[in-house]
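Colleague: Please put the model up for both of us, and then let us go through it one question at a time.

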Amino acid sequence: MSKIDPLALETPKTFTLLTPVEGEGGPITEITLREPTAGDAEQMQKDVAKVGDAGAVIFLIARQTKLAPVDVRKLGARDFQILQEYIGSFFTLPSESSDS
């Protein structure tokens, strides 16, 4: 499977959750993410060292959406995977985005 070309990504992008969750502020049915900034990337590196890859993505989603990390942790595995792949696509160079 080939990865998405980061130059072709829509940003911001709204994702309708496959499995809505109950958040602190009410039901969460969709999440809008944007292109991570250099500052986001820097903070993710720090977060990975402290809480691992999944935790760093949870914190990034929380920062971008203003959701509490506890609410992001409620996301279903499929929804989390979709959001994680979107974020990760920005860190893939176009020359790396196709299989050999």
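Colleague: As what does K74 count at its relative accessibility, buried, exposed or partly exposed?

Modeller: A caution comes first: this is a predicted model, in which local features need pLDDT of at least 70 and side-chain atom pairs count only at pLDDT 80 or more, whereas totals for chains, interfaces and linings use all residues. Residues are numbered from 1 along each chain as its sequence is written, and side-chain values use heavy atoms, with hydrogens and water left out. Buried means under 20% relative accessible area and exposed over 50%, with partly exposed in between (1.4 Å probe, protein chains only). The relative accessibility of K74 is 40%, so K74 counts as partly exposed.

Colleague: With which residue does the side chain of K74 meet in a salt bridge?

Modeller: A salt bridge here is a side-chain nitrogen of Lys or Arg within 4 Å of a carboxyl oxygen of Asp or Glu. The partner counts as buried because its relative accessibility is 4%. The N to O distance is 3.5 Å, and the partner of K74 is D71.

Colleague: How many salt bridges does the structure hold?

Modeller: Besides the one between D71 and K74, the side chains of R34 and D40 meet at 2.8 Å, N to O, where R34 is partly exposed at 32% and D40 is buried at 8%. R63 and D47 also meet, at 3.2 Å, N to O, with R63 partly exposed at 31% and D47 buried at 6%. The number of salt bridges in the structure is 3.

Colleague: On which residue is the kink in α1 centred?

Modeller: Helices are DSSP runs of H or I of at least four residues, strands are runs of E of at least two, and both are numbered from the N terminus. The expected span of a helix is 1.5 Å times one less than its number of residues, which gives 40 Å for a straight helix of 28 residues, yet α1 spans only 17 Å between its end C-alpha atoms. The bend at a residue is the angle between axes fitted to the seven residues ending there and the seven starting there. In α1 there is a kink of about 130 degrees, and its centre is V51.

Colleague: How far apart are the end C-alpha atoms of helix α3?

Modeller: Helix α3 has 13 residues (77–89), and at 1.5 Å a residue these should span 18 Å. The distance in the model agrees with that expectation, because the end C-alpha atoms are apart by 18 Å.

Colleague: Against which elements do the buried residues of α3 pack?

Modeller: The buried residues of α3 include F80, L83, Y86 and I87. With contact meaning heavy atoms within 4.5 Å, they pack against β1 (13–23), β2 (26–33) and α1 (38–65).

Colleague: How many residues lie between β1 and β2 in their hairpin?

Modeller: Two strands pair if DSSP finds at least two bridges between them, and β1 and β2 pair in the antiparallel sense over 7 bridges. One example is T16, whose bridge partner in β2 is E30. The residues between β1 and β2 in the hairpin number 2.

Colleague: How many aromatic pairs does the count come to?

Modeller: Rings of Phe, Tyr and Trp (its six-membered ring) pair if their centres lie within 6.5 Å; planes under 30 degrees apart count as stacked, over 60 as edge-to-face and the rest as tilted. By this rule the number of aromatic pairs is 2.

Colleague: Of what kind is the pair of F15 and Y86?

Modeller: The ring centres of F15 and Y86 are 5.1 Å apart and their planes stand at 70 degrees, so the pair is edge-to-face. F15 lies in strand β1 and Y86 in helix α3, so the pair ties together parts that are 71 residues apart in sequence. The kind of pair that F15 and Y86 make is therefore edge-to-face.

Colleague: Which residues do the ring pairs link into a cluster?

Modeller: F15 counts as buried at 10% relative accessibility, and Y86 is buried at 5%. The rings of Y86 and F90 have their centres 5.1 Å apart and their planes at 90 degrees, so that pair is edge-to-face. The cluster linked by ring pairs consists of F15, Y86 and F90.
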